Amino acid sequence: MQKRKLGNSNLEVSAIGLGCMGLSFAYGPAIAKKDGIALIRAAVEHGVTLFDTAEVYGPFVNEELVGEALAPVRDHVVIATKFGFDIGSMAERHRSLNSRPDHIREVVDASLQRLKIDVIDLLYQHRVDPAVPIEDVAGTVKELIGAGKVRHFGLSEAGAQTIRRAHAVQKVTALQSEYSLWEREPEREILPVLEELGIGFVPYSPLGRGFLTGAISASTTFASDDFRNLVPRFSAEARAANQALVDRLGRIAAGKGATSAQIALAWLLAQKPWIVPIPGTTKLHRLEENIGAANVTLTPADLAEIDTALAAIEVQGARYPEHLQQMVGR
């Protein structure tokens, strides 16, 4: 697996990481713990070194899973986790932001215990909290870095001005936001700011929550507790309209002797050398397929063909329900 550095930092990770959320949370029933551990360790064997979790995934159980799975190889991997929510009921959790300094410190101590580690390699603010100045958040993380509890500071779904203000207090190593062939909003304002400041980019949902793989159609049904049931972009009508993008991607992939997922990931890797996508999966064969994208080379002509082909297709449906959409881009 090729390595990449996140921006101007000295944090070097595999070109493709593993988003671990779906092992425990959001996309239907959690898989058995032993299977989650096996999948994470298989990723390590295939060269993956960046593993992404958060206290809110589960909540808590995903951090415990990641910590147990990676304990034998702790010194060879980068573990990223997040703070920013008050963990209440499932219904309340996504509406209750909390980035107060005392809460950040409490979360970090608890995450360190659950992950069974001495230091968090990359600590993200999960969502910007409008009730707490970002300077206070960055300053608190700076203190935690000074105390040896955290190595690097990250933001998730932050707006350009918030990124600048945070970076002025404590250098931001990485921004994690949604970015893919069907969610290209970061190209307008975020990517130029990251390049200017030397900040790495870690796209989550790089396969469009599975839609870009071609395995989901308008007739697909999801488990009752699958987050996609709430997402406007995953309504049956939107999926039917967005199928044109997947069909075109599939034809491009066939011409390259690759899968749609591999083309989608290779496209992200080709955008900037400091972009590290973190696709998630619960299946070993999908893990191996995703990792294989690092070996797919897209030429400038290939990239131009993809851009031209997809430019005429307007993606239908918002990427989040309204109450969650309000939390991004602040």
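Here, buried means under 20% relative accessible area, exposed means over 50%, and partly exposed is in between (1.4 Å probe, protein chains only). Helices (H or I, at least four residues) and strands (E, at least two) are DSSP runs, numbered from the N terminus.

Before you click around: this is a predicted model, where local features need pLDDT of at least 70 and side-chain atom pairs count only at pLDDT 80 or more, while totals for chains, interfaces and linings use all residues. Residues are numbered from 1 along each chain as its sequence is written, and side-chain values use heavy atoms, leaving out hydrogens and water.

**Stop 1: helix α9**

Select residues 260-271, which make up α9. This helix runs 17 Å from its first C-alpha to its last, close to the 16 Å expected at 1.5 Å a residue (that is, 1.5 Å times one less than the number of residues). How many of its 12 residues are buried? The count is 10, so mostly covered is the right description, given the under 20% cut-off. Colour S260, A261, Q262, I263, A264, L265, A266, W267, L268 and L269 to see the buried set. Now show what covers them: β1 (3-5), β9, α8, α10 (284-292) and α11 (300-311) are among the elements there.

**Stop 2: the sheet**

Next, bring up the open sheet of seven strands, ordered β3-β4-β5-β6-β7-β8-β9 with parallel pairing. Its edge strands, β3 (18-19) and β9, each pair on one side only. Pairing here takes at least two DSSP bridges between two strands. For a sample pair, select 50-52 (β4) and 78-83 (β5): they run parallel over three bridges. Pick F51 and you'll find I79 of β5 standing opposite.

**Stop 3: D129**

Move to the loop between β6 (120-125) and α5 (134-146), and select D129. Which side chain of opposite charge is nearest to this buried residue? That would be R330, 6.2 Å away, and D129 has no salt bridge (a Lys or Arg side-chain nitrogen within 4 Å of an Asp or Glu carboxyl oxygen). Instead, look at the backbone nitrogen of A131, which the D129 side chain reaches at 2.9 Å. Leaving aside residues up to four places away in sequence, D129 touches L97, N98 and S99, with contact meaning heavy atoms within 4.5 Å.

**Stop 4: P232**

Finish in the loop between β9 (200-204) and α8 (236-256), where P232 lies. P232 counts as partly exposed because its relative accessibility is 32%. Show A238, G317, A318, Y320 and P321: P232 touches these, not counting residues up to four places away in sequence. For a long view, add E143, whose C-alpha is separated from that of P232 by 40 Å.

Methods
Lys and Arg count as positive and Asp and Glu as negative; His and the chain ends are not counted. A polar contact is a pair of N or O atoms within 3.5 Å; within protein, one must be able to donate a hydrogen and the other to accept it, and residues adjacent in sequence count only if both atoms are side-chain atoms.
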